[in-house]
Amino acid sequence: MSTSAEQSLVDKLVRNDIKEMVAYQSARRGQTGGDFWLNANEAGGNEQLTVSLDNLNRYPDFQPKALVNGYAQYCQLTNEQILATRGADEGIEVLIRTFCESATDSIVICPPTYGMYAISAKGHNANTITVPLTAELQLDLPALNAQQGHCKLVFICSPNNPTGNIINRDDIIACIELFKDSALVVVDEAYIEFCPELSLVDMLATYPNLVILRTLSKAFALAGLRCGFTLANPAVIAMMSKVIAPYPISQPVAEIASAALNATGLKLMQQRVDNTIALRATVIDFLDQQPWVNKRFSSNTNYILFNTELAESLFEFLTSQGVLIRNQSNQLNLANCLRVSIGNKTEISAFIAAVTTFNQQLATKPTLENSSSTSNF
Ligand SMILES: Cc1ncc(COP(=O)(O)O)c(C=O)c1O
């Protein structure tokens, strides 16, 4: 707790917009405790990892070679097209800091979508223009067209978090065409390993204004490592390299991440993806049997969004049982929507057991059904 003297000094010095800013409520900030963590779209576990602690007296390479080589090989690009970052989140931030003049330039976001684009823009005092997805959760191309010349970066999340759907490839390409002389189109592919055939990485050769964000936090099960990648043409990467911290990737991170990208690591990742997709089918079946689920969104990812008028009471009940999922009800057009991550079998069994108990309680307390507001769907 700060003293009033400390607080008043900070209040005097801090940027006004930061004083007003609401911090991103990440799964590890807003929701604490719990026994089963299905609120951050993490993998349900990882293999034993080892790391050498030699040479920690030395600064690491700016971009560790083995790591960049490994990722370049994984996505069939050259090293000059890759920037390794502290998670995809740092890629978002560095893009905004590199391309947006503070207090002048704007980014475009297409909500409901990942919250960090707007938060990072706010942190840099860049403007955020909102072009909502359509009712079908696809790009509103005419509305995006109207933003030509008014923005520097257009963020598209595909597969989209928190809805789980893919944005149509042709629409993304149409969007890249729209902004080809005026803005970078940043396609966030954090979950692409769950549907790799839908990646736009093949389009990097065609479109200089395409940028792709990737991460090891999801299918590679390394969220705690903080390692992601920005993929773009060498000129974009060179500019970002001026802005990013001088040693973004620590040596232990580089070592573990490089191992995750070798042949064994890639095989393990693929098995993890296959298991997650199988488990996702179980959760889909289970949710589809619940009479109170109004809508279960289709998913190309390791999470499922669903709409229920019981969102609030279910969320609270699950939390009381130690099962943490994510309430997305404050997102545009997602009133009464909850998102559950596909963790491991134990975590999913705990989720199913807790929902089953909730149902039993519901049967004895039917008034619960009227306790929440009506959904948007
Ligand atoms: C769509 C999307 N992009 C980026 C990130 C951030 O990933 P990282 O852990 O690599 O910073 C997340 C994390 O949940 C995400 O859902």
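## Strands, helices and cores in a predicted model

Strand β10 makes a good starting point: Y303, L305 and N307 point one way from this strand, I304, F306 and T308 point the other way, and all are buried. This arrangement can be read with a simple rule in mind. In a regular strand the side chains alternate between the two faces of the sheet. As 6 of the 6 residues of β10 are buried, the strand is largely enclosed by the rest of the structure. The model described here is a predicted one.

The partners of β10 come next. Strand β9 (residues 293–296) runs antiparallel to β10, and 3 bridges join the two. A hairpin of 6 residues makes the connection from β9 to β10. Within this pairing, V293 is found opposite T308 of β10. Strand β10 also pairs with β13, again in the antiparallel sense, over 5 bridges. Here N307 has C337 of β13 standing opposite.

Helix α10 (residues 263–288) brings these strands together with other elements. The helix has 26 residues, and the distance from its first C-alpha to its last is 37 Å, close to the 38 Å expected at 1.5 Å a residue. Its buried residues are G265, M269, R272, T276, R280 and V283. These buried residues pack against β10 (303–308) and β13 (337–341), and also against α9 (251–260) and α12 (345–364). Helix α9 has buried residues of its own, namely V253, A254, E255, I256, A257 and A260. They pack against α10 and against α3 (65–75).

A further part of the model is built around an open sheet. Which order do the 7 strands of this sheet follow? They are arranged as β2-β8-β7-β6-β5-β3-β4, and the pairing is mixed. The edges are formed by β2 (82–85) and β4 (127–130), each of which pairs on one side only. On average, neighbouring strands of the sheet are turned by 25° against each other, direction ignored.

At one edge, β2 pairs with strand β8 (residues 228–231) in the antiparallel sense, over 4 bridges. Residue L83 offers a closer view of this edge, as L83 lies in strand β2. Its bridge partner in β8 is T230. Is L83 buried or exposed? With 28 other C-beta atoms within 10 Å, L83 is buried; the cut-off for this label is 20 or more. Leaving aside neighbours within four places in sequence, L83 is in contact with F229, T230, I237, M240, S241 and I244. The chain also brings L83 and L231 to 6.6 Å apart in space, C-alpha to C-alpha, although 148 residues separate them in sequence.

Helix α4 lies across several strands of the sheet: β2, β3 (106–109), β5 (153–157), β6 (184–188), β7 (210–215) and β8. With respect to β7, the helix runs at about 150°. Another neighbour of α4 is helix α8 (residues 234–243); the two axes come within 9 Å and cross at roughly 95°. Angles of 65 to 115 degrees count as roughly perpendicular, and α4 and α8 are therefore roughly perpendicular to each other. Where they meet, α4 supplies V94, L95, R97 and T98, while α8 supplies M239, M240 and V243.

The nonpolar cores complete this part of the picture. The largest nonpolar core has 78 residues, of which I107, L153, V154, I156, V185, V186 and A257 touch the most other members. Helix α4 (residues 87–99) gives the most to this core, with 6 residues. What is I156 in contact with, leaving aside its neighbours within four places in sequence? Its contacts are C110, L139, I167, I172, C175, V185, V186, V187 and D188. A second, separate core contains 26 residues, including I304, L305, C337 and I348.

Finally, Q25 provides a contrast with the buried residues above. This residue is located in the loop between α2 (16–20) and β1 (36–37). Q25 counts as partly exposed because 13 C-beta neighbours lie inside 10 Å. Its C-alpha atom is separated by 35 Å from that of Q73, which is 48 residues away along the chain.

Notes:
Residues numbered from 1 in each chain as written. Predicted model: local features only at pLDDT ≥ 70, side-chain atom pairs only at ≥ 80, totals over all residues. Core = buried A, V, L, I, M, F, W, Y, C linked by C-beta atoms within 7 Å. Buried ≥ 20, exposed ≤ 12 C-beta atoms within 10 Å, placed from the backbone. Contact = placed C-beta atoms within 7 Å. Expected span 1.5 Å × (residues − 1). Pairing = 2+ DSSP bridges. Axes fitted to C-alpha atoms, helices over the stretch in contact; angles between N-to-C directions. Parallel < 35°, antiparallel > 145°, perpendicular 65-115°, else oblique.
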